Amino acid sequence: MKIRRAKMDVSMLTSVILMVGIFVVFLFLTGGNEISKFSLTNIIDSSIIYIIAGLGYLFVIAMGSADLSIGANLGISCIIGTSLATIWGVDWTAIPVTLAAALGIGLINGVLVGRLKVPSFMVTVAWLLGIRGMIIYTQTEVFEELFPTMYYQTAGPLLLLKESFVKYPLFVALIVVVYLVLTHTKFGHYCRSIGENELVARNVGVPIKNVKLWAFGLSGLMAGVAGLFYLARNGGTNNTIGQNLEVDVIACIFAGCILVTGGYSTKLPKLLLGCFTFAILKNGLGLMGYNTAFAKELSQGLVIILIMFAVIKMKDWESKRAVTITREDEVALTDRAIS
Amino acid sequence: MAGEIILKTEKLCKTFGPTKANIDVDFELRRGEVHGLVGENGSGKSTLLSQIAGIIGSDSGRIELQGEVYEPHSPLDAYDHGIGIVVQELGVIGNVPAGVNVFIGRTQRFTKFGIVNTTKINEEVREIAKEWDLGDLPLNKLAGAMNVESRKQVELLRALAVDPEILILDEITQALSYDNRRRLYAIIEKFKAMGRSILMISHDLEEIMATCDRLTVLRDGRVVDTVETSAISMNDLKRMMVGREMEGEYYRVDNEPSRRESIALSVENLSVTDEVKDMSFDIYDGEIVGFCGLSGSGIHTIGKALYGLSDEAKGKVRLRKNEALIDSSQKALHEGMAYVPKERDWEGLMMQANIRDNITLPGLDDLKSKAGFVWNGALNKTANKAVSEFSVKCNSIAQEMGGLSGGNKQKVNLGRWIAKDLSCLVLDCPTRGVDVGAKAYIYNLLKSLKADGLGMILISDELMEVLGMADRIFVVKDGEIARELKRGDEFTEDNIIEVML
Amino acid sequence: MDVTGNLKKMVISILILVLVIVAFAFIFNIACDGKFLTGSNINQILTNSILASFIAWGFCFVFALNYMDFSIGAVIMLCVYASGELGNILGPVGLVIAGIVVGVVVMTFNFSLFAFLKIPSWVAGLGLALIYEAIISVYQRYKESVGANLVMLKSEYGILGRPPLIYVMFIIGIILAYILYNRSSLGLNARSVGSNQAVAKAMGINVTKTLILTGVVCGIFIGCAGFLRESYSLLVNVPSSLSSLAVIFPPFAAIFIAQVISRWINMIIAVPLCAVIIYICYNVLSLVGIPSGTISEFMLALFIIVFGIIAQRGTKEVVK
């Protein structure tokens, strides 16, 4: 019996092929324009916010859950952070307050999903709409007198985040840290095992409630970090802060061929590949002259559906190869693998 | 009439991918007989049944029913031909009341203008239950809200509702309690008297030999032989199934209980809602304590509670060596306990993950590096070691768990705990659905663990297994320990059955 | 969800709930200086509730198949514009036909997609919502390019969405929904397929036919929601960035609460009652001076979460 190392992951290959494929397609369609706009720093700059949020989201999807509240989370955390900073008059306090608020919301999600067992997509969709309502409220006059977030102008340490010598190294550092935690810590393994089969994880002794708590916490926290970059770039908060973030992130995750059930298919390189693919797609559609709202929504929608379809087909095919016999899918009933 | 052939297969073949599940199977079922299909896992018996039941199609060969060619395209087809089926793969529809489940797919005659008359359906179901002397069921309750046994009863009613000439039963008895098992045997007797036939599969060789008139033994997809039950012995049967002499004793050879002085686990006043009532006992190091009982007795719940998996458990489960209280599965894991659950495919193993990740999951704490990271090198090493130590047949540790056979899966299910420094091991039906070769392997493993001084709890539905392996047996009835038996003269099947009912 | 509940128990539960609602209504009235219990106010609450009920009934069928379709908001918008356009040409008849046809076609497509693609329905629904919103934005640009404004229904055609005809619609709707969901073989088949598709198929239920028919039924209710909305508002704004989710938010909350009380009151009947509760709350908030679309949304989110917690109390299953 030969004992070999783990084989190449088919879905990783797919995401690479996808990225290259989309790039080539748009190369033709834009007559070469794509390359001139295509530089690494450009891509990172335009998509840094959802890449960072995606880093946190990896933990949630690894467990097979969903967090659609990250956009709203980013928004309200920034608002709370900037409001308090303005009231206290100390600029840099926006940073810890924003992060604390974002982490807090994430942890609340963790409790609701982990301990109170409310389905994650339901909770987070509720926040998506509910918190956004609050965000709109903060932009009204009534609120403004109490929490002057509109008057905040990014200054001080936050401005540093605009500088290349801070932005890029920090970005890389975040990626490295998340990679290590996701792939090479007990916590990361536990997250993925919950996605594979939560019942099994529980029977082995994985502390499910705690893992869920901190996975959602991390997702929230990274939304907060992304929020800091947002504040740096935009100078302050506004009405549409954080809008669509969750959809961007989900599109990237699926474009990277990570399964919606997570598990061991959740790998960080896939997220990065997916983000690039998505960025190229958006960029390309924009260059071709499509109105941004339409282009954005269409690309998001198509990515989500088509890629998911392809990934699931891929996983099916991979499973069929691995299992020596499977019952036919004439009537897709419980598998009893026989050998 | 009796003795005439009602169903016959000729050179039936079915292949799944690279594996030939049924090769040239010739089989016949007579009127008025109870016919058992026996074989190890992978022998092809479920594949044969599935073709007769219309769940899957055949590749070649033919089936004849009452002299005519029979090619069912669905279980409904089989029903229309007078074949009633209770098979693992089917089951009930959860979101629909039990009564409607009995007639699912055939509600047309209760339907007018698209409206279904559930009252009439329930009336007829009650009549069927009365005719076959099956117990009462809450027919308006959603089937999904019922326990496993009740669901099986609904499936049985569904099969009987077509007034079948042939009744196919696949591993049904393991889900039924003793009373319902008796009712089932009564139905089987009635069928025989009516000149109808039963085709059944069971892993319980004793039951099969006691209930069936003839047996067809399958091995590696082929029919080995068809014999009259009265004409062979259990050993002959085993030999036919496995094709080799069983070397040495399967179970333990010694006839006396033995254990160390120290207590491994102490249980005080354990109770779980009304499934387990105020139980107290101690497990010593180096002893195997067996728990057996009917399906409603609570033995499986005990297993879960001992590993901290039961939220409703009251009472104390304590590891004696450091007085640690086990109140959650993470605590149990941390304190060196191990739990091998009954349903390995969906409770014990992650089927779509690879072998390595399955093996190393319980041991991640021990595999951490100094900085707290878990590196792949350590994981690979541990997994490879386990695979070779337990002779797990696989392509590599990167192979998906679902690709292994039952016995090899169980080796992983159990083996991944062995590398750890264990304080106590809880096993629930460790050889369920496992072929004879792997069974022997597992029993040997348990014997050596016992010699090393590990205290073990063996929960099992198979009386022979518990009698063969345990030092002490707790017979559990209705959530209470009805009797404690010590290895030796007290260890008889009768002693257990007497108290178990 | 027990379908054939005890009739007497159910009627009593309904009466209790109605009495509670009326009692609260009186309390609110006092708190709002009598502004609450005015004819037009109550009409508005009831009208909104009825609109939401049609959406929620459509959702009942979605849930029966064990799907979660987030694109329904955008689908309704498609129905809205379709019925507006045809309504201006052919009057109320065109309104109804366009709404229902678009609803049926799109919902059937949605269900077919869910079944065929094997993607979890909530994900596919999000994707579809984006695509449908994109389609609507194309429609809007087209209207701009030919110099027209977004379609506005002639007010004389908007009779179906207003009292008294909307109450007639309600009665038709609830009777249809009740029979189709609880008593028809379609409802039973849908729940079978949603519960365990493989077994349903093996037992002879035609899964494809069931999916399509359920899509049709669901589409009818969604289509009704669409043309009723257009009749009521006459001019509806274009959705973007998943704002169509906001459309299904209140019906969603209504179904949630209805699911929790489905032990006593049948889902179909509970839904409009829950919708009334929600819109009373909305109304009270706005009477107190809080701008719409802000705190009310947050309150609704809390509702959903709280009822979600209650519904999941004691669940032993794995929840993602």
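This is a short viewer tour of a predicted model, going from one chain contact to another and ending with a loop and a sheet.

**Stop 1: chain A against chain C**

Select chains A and C together. The contact draws on 55 residues of chain A and 52 residues of chain C. Between them the two chains bury about 4300 Å², with 79% of that on carbon and sulfur atoms. If you go hunting for salt bridges across this interface, you'll come back with zero. Polar contacts give zero residue pairs too, counting pairs with both residues at pLDDT 80 or more.

Now colour the chain A side by element. Helices H5 (94–115), H6 (120–138), H10 (186–196), H11 (198–204), H13 and H15 (292–322) of chain A each put at least two residues into the side that touches chain C. Which helix should you pick out? H6(A) gives the largest share, 15 residues. Colour by residue class next: this side of chain A has 37 nonpolar, twelve polar and six charged residues.

**Stop 2: chain C against chain B**

Hide chain A and bring in chain B. Here 19 residues of chain C are in contact with 24 residues of chain B. The pair buries about 1800 Å², 63% of it on carbon and sulfur atoms. Show Leu188(C), Val199(C) and Met203(C) as sticks: this trio supplies 32% of the area that chain C buries against chain B, more than any other three residues.

Salt bridges across this interface number zero, while one residue pair is in polar contact, with both at pLDDT 80 or more. On the chain C side, the elements giving two or more residues are helices H6 (165–183), H7 (185–195) and H8 (197–202). H7(C) has the largest share, five residues. By class, you'll see eight nonpolar, seven polar and four charged residues on this side of chain C.

**Stop 3: a loop in chain A**

Bring chain A back and centre on Thr240(A). You'll find Thr240(A) in the loop between helix H12 (208–234) and helix H13 (245–255) of chain A. Its relative accessibility is 44%, so Thr240(A) counts as partly exposed. Add Ala72(A) to the selection: the two residues are 168 apart in sequence, yet their C-alpha atoms are 9.6 Å apart.

**Stop 4: a sheet in chain B**

Finish in chain B with an open sheet of four strands, ordered E14-E13-E16-E17 and paired antiparallel. Strands E14 (276–284) and E17 (324–325) are at the edges with a single partner each, so one side of each has no neighbour in the sheet. Between them, select E13 (residues 263–272) and E16 (residues 313–319) of chain B, which are joined by six bridges. To see a bridge pair, pick Glu268(B), whose partner in E16(B) is Lys316(B).

Terms used. Residues are numbered from 1 along each chain as its sequence is written. Chains are lettered from A and ligands numbered from 1 in the order in which they are written. This is a predicted model: local features need pLDDT of at least 70, side-chain atom pairs count only at pLDDT 80 or more; totals for chains, interfaces and linings use all residues. Side-chain values use heavy atoms; hydrogens and water are left out. Two strands pair if DSSP finds at least two bridges between them. Buried means under 20% relative accessible area, exposed over 50%, partly exposed in between (1.4 Å probe, protein chains only). Contact means heavy atoms within 4.5 Å. Buried area is the accessible area (1.4 Å probe) that two parts lose on being put together, summed over both. A salt bridge is a side-chain nitrogen of Lys or Arg within 4 Å of a carboxyl oxygen of Asp or Glu. A polar contact is a pair of N or O atoms within 3.5 Å; within protein, one must be able to donate a hydrogen and the other to accept it, and residues adjacent in sequence count only if both atoms are side-chain atoms. Ala, Val, Leu, Ile, Met, Phe, Trp, Tyr, Cys and Pro count as nonpolar, Asp, Glu, Lys and Arg as charged, and the others, Gly among them, as polar.
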